[in-house]
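User: I've just opened this one and don't know my way around yet. Can you walk me through it?

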Amino acid sequence: MGRFASLSARQIHEAVLVMGAMFRVALKRLPDQSEIRRLMHHAVDRRTGEVTQVSLQSLARIVVRSDEFTRLYERKDVTASGNAELKQRFCDDLARLARLPENHIGIIPFQLCYPESASPGYDRAYALWFLSVVQAETGSGLKKTSRNRLSFDVYMNVGDESVEAARLTLNALYGQNDADWTLHVAASAETFQHLLSTAAQRCIRRTEEPLEGVAPYLAFIEPGDTLADGALVRIASVLETQPETVLLFTDEDRIDRRGNHVGACLKPGWSDDQLLLGDTLGQFCVFSRRRVQDVMEQLGDVEGLYDPRMTSACWLYALKLAVVEGVEPRRVVHLPVVLFHRFREEPDGVLLRSRLRRLAEKHLARHRPEVVLTEMALVPERVGNQSHVRVCYPLPPEPPLVSIIIPTKDRPDFLRLCLRGLLTETDYPHFEIIVVDNGSVRPDTLALLEDLSRHPAVTVLRQEGAFNWAWLNNQAAARSRGEMLLLLNDDVRILHPDWLEELVRQCLRPGVGVVGARLLYPDGTIQHAGVMLSRDGATHLLRGAKAQDTGYLNALTCQRDLSAVTGACLMIRRDVFDQIGGIDESFAVSCNDIDLCLRASAAGWRVVWTPYATLTHVDGGTRGRDASPAQILQHWQETARLVGRWKGWMECDFALNPALRVTDDALLLRYPCPFDTMNG
């Protein structure tokens, strides 16, 4: 839709609706993407961009004069070239019918303009998607209601220069008809009077003391920010069912000057690592008042508190850090609904990022002094790599023994490079290697295995029989001695010496049971940055992205909690492995790693992915791709069994926003959306 950059998303949405209705009535089908591009300037007024009677007549004439219309109606004597009056009557009828709401039912402008969907980071597509979702939800009659009318105290600072913006916020708050809220405004008496001229006094209070009010939940908002209609009642309905919540955050976007929804933040579920890297939760969060009161003493010396440019962002970030510190993950709730619309661009100044970084460091020094923030490239040895903030977890003075298990068969080239990287290019001091040979017969492979068996850190275990990845790893695990098990493919190559140390650091964190690595293809593109789940199976996130890409909302550069990681390089604690009974051998070839992760999660352990352990992975180098009919059938069968076993988890992966879907190489806006979890 690039040719129509001057049109707003609302104008495109309306034009595509009437165009779709006209095509469906006249041609018994909907227009395709190329027809929409070609005919858009006929559907709208060239000066205003609006659909008018004149523009509809212009579009109708094109439809009536088309060869397709002629073929459809040639036997009904309505297309005779000499019958101009009849044709004009058809044009009038089409223009009228195109505006009727009943003819718009089932027409989704976003799907017609982007039949393959689009990235959530593409503002023009997101703006149209947003309108299509709202249209569908309105048509469904969906409305959230609150049983107990929970009350909210909302706080806003208003200066003389932001009165008009504050009125936008007030108008949005008045749309929260079903919720019980009070707005507390920090402003001069004169400024407050300007707001009262358009406000109902029962809902707004001027405050000079922080956190006045008695409501059990509170939130902070800035002048110009708005909430979607019914936002607070939807939030209340969640808090009523989860009263232990200390912080709730939602999805958000920004409304530009043309009224387009842009800058979509369709967030993943809660992961404390992300908040330590910056304020990833956004401006609008709902806090438990009791929890805020418990941590207020920690905020007395927040940097930037008396700098007007920094006060709000710094104080709110420090509050979030304090509120979530030490609480169970289930008490931090993500409501994956676009309920908040920012007024301004996200602050992204170097000074602000520096202040937030210092606040995170101060917070860690107070609560977890053994954890530090550092800055480094994902692959340190590569010149020119961009540095990222890293949460560095401690390593004990005597690091635990890691048992590295490597299944292999007749690929001495892969195995030799892998072992060389482990034995000569890895800094971690305490590991053993168990090479599980699954029936190699090549002389050069057997010679290599013989040489390796003489190395004091290497054990060669011969296991004949049909390939079963789960069984091979279980056999080796039973003979290993390490506190940590590392499942590693033989087609992996080491890129930096501290990769194994990073995996151990992550795996030693309280509550963490499984850790996955960042894997690159030999050409340097992303092979594994975490696995996303759906009812269709498991898919790698943004496979094929460039190594330097950060991904949507920095998904490719932030260590975070996930539901699953690949078994090509997967570390698991020995006690977790034993607790869940090892790898399920009924998944002989595929899905065994996903099932392992999900069983660990079901047992209460976290699964973490870190980009600071980066390796090269050929992916399928040892066995090759599943290409034969029998291999494809087995993959389908194992995927079906995985989905059947973990149906609830697969259909609602907390690490993937329900408004998004993952394909083999992209992250796309989902349509249709599950209305009970989508837009408000």
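User: Is Lys-267 buried or exposed?
Analyst: Keep in mind that this is a predicted model. Lys-267 has a relative accessible area of 4%, and anything under 20% falls in the covered class. So Lys-267 is buried.

User: Which residue does Lys-267 meet in a salt bridge?
Analyst: The closest contact of the pair, N to O, is 2.9 Å, and the cut-off for a salt bridge is 4 Å. The partner has 1% relative accessibility, so that residue is buried. Its name is Glu-252.

User: How many residues apart in sequence are the parts that this pair ties together?
Analyst: Lys-267 and Glu-252 meet in a salt bridge. Glu-252 sits in strand S6 (residues 247-255), while Lys-267 is in the loop between strand S7 (261-265) and helix H11 (272-276). The pair therefore ties together parts whose separation in sequence is 15 residues.

User: Which residue meets Asp-272 in a salt bridge at 3.7 Å?
Analyst: Asp-272 belongs to helix H11, and its partner lies in the loop between helix H18 (499-507) and strand S17 (512-520), so the pair ties together parts 237 residues apart in sequence. That partner is buried, with a relative accessible area of 5%. It is Arg-509.

User: Are Arg-330 and Glu-328 buried or partly exposed?
Analyst: These two form a salt bridge, with their closest N and O atoms 3.2 Å apart. Arg-330 has a relative accessible area of 47%, and Glu-328 comes in at 43%. Values between 20% and 50% fall in the middle class, so both Arg-330 and Glu-328 count as partly exposed.

User: Which residues do salt bridges with shared partners join into one network?
Analyst: By the 4 Å rule, the count for the structure comes to 34 salt bridges. Some of these share partners and link up into one network. Its members are Asp-272, Asp-273, Arg-509, Asp-561 and Arg-606.

User: Which residues is Gln-298 in contact with, leaving aside its neighbours within four places in sequence?
Analyst: You'll find Gln-298 in the loop between helix H12 (289-295) and helix H13 (311-324). Gln-298 is buried, with a relative accessible area of 18%. With those neighbours set aside, the contacts are Ala-322, Arg-366 and His-367.

User: How many of the eleven residues of helix H20 are buried?
Analyst: Helix H20 covers residues 592-602 and is mostly covered. Among its buried residues are Ile-594, Leu-596, Cys-597 and Leu-598, and charged ones such as Asp-593, Asp-595 and Arg-599 are buried there too. The number of buried residues in H20 is ten.

User: And which residue just after H20 takes a positive phi?
Analyst: Look right past the end of H20. The phi there is about 100°, and the residue is Gly-604.

User: Zooming out, why is the chain described as being as compact as a globular protein of its length?
Analyst: The chain has 22 helices and 25 strands. For 680 residues the globule rule gives 26 Å, and the chain is close to that, so it is as compact as a globular protein of that length. The radius of gyration behind this is 29 Å.

User: What percentage of contacts between residues at least 6 apart join residues at least 24 apart in sequence?
Analyst: For background, 56% of the 680 residues count as buried. Contacts here mean heavy atoms within 4.5 Å. Of those between residues at least 6 apart, the share joining residues at least 24 apart is 77%.

Note on methods
Residues are numbered from 1 along each chain as its sequence is written. This is a predicted model: local features need pLDDT of at least 70, side-chain atom pairs count only at pLDDT 80 or more; totals for chains, interfaces and linings use all residues. Side-chain values use heavy atoms; hydrogens and water are left out. Helices (H or I, at least four residues) and strands (E, at least two) are DSSP runs, numbered from the N terminus. The radius of gyration is taken over C-alpha atoms; the globule rule is 2.2 Å times the number of residues to the power 0.38. Buried means under 20% relative accessible area, exposed over 50%, partly exposed in between (1.4 Å probe, protein chains only). A salt bridge is a side-chain nitrogen of Lys or Arg within 4 Å of a carboxyl oxygen of Asp or Glu.
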